[in-house]
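Thanks for making the time this morning. I would like to take you through one model, and I will ask you to keep the picture in view while I talk.

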Amino acid sequence: MIIRSLTVRNFRNIASADFIFDPKVNIFTGNNAQGKTNLCEAISVCLGKSFRNPKISELLPFGNENDETYIEICFTFDEFPDKDNTISYVQKKNSFRLKFNGIEFKEAEKLYGALRYVIFIPEDLYIVKGDPEKRRNYIDFVSNMINRVHNSKLYEYNKALRQKNNILMNMNEYNSTNKMMLESWNDTIARLGVNVMCGRIKYFDMLASFANEYYGMINRSNEILSMNYDSTVMGDKGFTADDFEIMYETYLRRLRETADRELRMKYTVVGAHRDDVSFRINNMPAKDFASQGQIRSIAVALKLAEAKMILDKSNDVPIIILDDVLSELDEFRRSFIINHIDNFQIFITSCNFSDTDKFGHGKIWNVENGRFEIRES
Ligand code: ATP
Ligand code: MG
């Protein structure tokens, strides 16, 4: 999709702003706390869901909570470049209406995912350097983006796991009844856990290969970015999404092997919920050795890989929003991001006015106190 225009009224600190966008690159520069992320958020609200996950009352402008918030985007789908589509979001106090081409859309979140966008926010650095949970969530998010049943499989798995963990938590003695009950849960957990793992690894190699490709481009270097799905079930054994039976047998065996430990710990110590993804640069673990710029480059490469996967798997061309992506990157990396991400319409925010010095095309806005002014070239 390509967003042609955007109208924003009374959204957070933005009282009124109108944009006609460039089909390729759009940059918003301004000091801290001026409204750059708010603008990115306004776009995401129109696409079905704010990436900040706020209460909707938080979107109303401070002190003017009775005002009506209005956001409208006008966009085209890639197959029909001449047909304009409109989404409007109108919010009054705690209720909102979302309309797609004038027709009310009751379940706003269904739009999310139908209109594809990929966003980088600074918190995404934690995918690389944060806890394993962040990486599992990310891989689940990407898996679900490509295959919409992944989240329901994950939900079933987590539900079964909670039930088994409740038994472990409340168990005072290990007798034959308890043993049978746990074994029956293990069977369910192994079956559902393998489903989750298969969902995660099905497109994993594709994501890893695209990410490595983009990482090389961002860096202009021979560094190799590799990604591995670290399974607490399969250990070092290589496996693919087709190895369902082997994975299921191994899962059951691993649950049996760790039975004593889980009785002591009172939770299930191996399984899909404990798996991780590791990133390595030239075979060195990025979490321990990568510099700030390298970590940021990995996170950006992942996001671009995500966009390319959407393009590959669904033929939709997602828009890309890169919020505060350029800081900590050297000149070459900044220049690559603002000048060489072809094939996608991108929206970039930056605190640094000089980031745009080497910018050869597209549009730039300066932002001050919620007011956006286009910079004439
Ligand atoms: P940074 O470069 O630090 O990320 P930014 O330009 O992205 O800054 P925003 O996150 O867009 O800044 O926030 C701009 C301002 O909007 C902040 O001062 C914030 O406190 C303010 N703000 C947030 N919510 C509201 C609201 N509901 N009403 C009015 N102002 C708000
Ligand atoms: Mg910001």
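I will begin with one helix and then turn to the salt bridges. Please bear in mind throughout that this is a predicted model.

Let us start with helix α7, which runs over residues 204-219 and therefore has 16 residues, and which reaches 22 Å from its first C-alpha to its last, close to the 22 Å expected at 1.5 Å a residue. Which residues of α7 are buried? They are F204, M206, L207, A208, F210, A211, Y214, Y215, G216, I218 and N219. If you look at what covers these buried residues, you will find that the cover includes helices α4 (132-146), α6 (176-202), α11 (292-314) and α12 (331-339), and that strands β9 (225-230) and β10 (276-281) are also among the covering elements. Just after α7 comes R220, and its phi is positive, near 50 degrees.

Now to the charged side chains. As a reminder, side chains of opposite charge can pair when their charged atoms come close. The structure holds 16 salt bridges, and I will go through some of them.

Take K303 and D124, whose side chains meet at 3.3 Å, N to O. K303 lies in α11, whereas D124 sits in the loop between β8 (117-120) and α3 (125-129), so this pair ties together parts that are 179 residues apart in sequence. Are these two partners buried or exposed? With the cut-off for buried set at under 20% relative accessible area, K303 counts as buried because its value is 5%, and D124 counts as buried because its value is 12%.

Helix α11 also carries R296, and the side chain of R296 meets that of E328 in a salt bridge of 2.9 Å, N to O. This pair, too, links distant parts of the chain, since E328 is in the loop between β12 (319-322) and α12, 32 residues from R296. Here R296 is buried, with a relative accessible area of 5%, while E328 is partly exposed, at 43%.

There is also a network to point out, in which salt bridges that share partners join R12, E41 and R52.

Finally, consider K55 and E58, whose side chains meet in a salt bridge at 3.9 Å, N to O. In this pair K55 counts as exposed, at 60% relative accessibility, and E58 counts as partly exposed, at 36%.

Methods: Residues numbered from 1 in each chain as written. Chains lettered and ligands numbered in written order. Predicted model: local features only at pLDDT ≥ 70, side-chain atom pairs only at ≥ 80, totals over all residues. Heavy atoms only, no water. Helix = DSSP H or I, 4+ residues; strand = E, 2+ residues; numbered from the N terminus. Buried < 20%, exposed > 50% of the residue type's maximum accessible area, 1.4 Å probe, protein only. Contact = heavy atoms within 4.5 Å. Salt bridge = Lys/Arg side-chain N within 4 Å of Asp/Glu carboxyl O.
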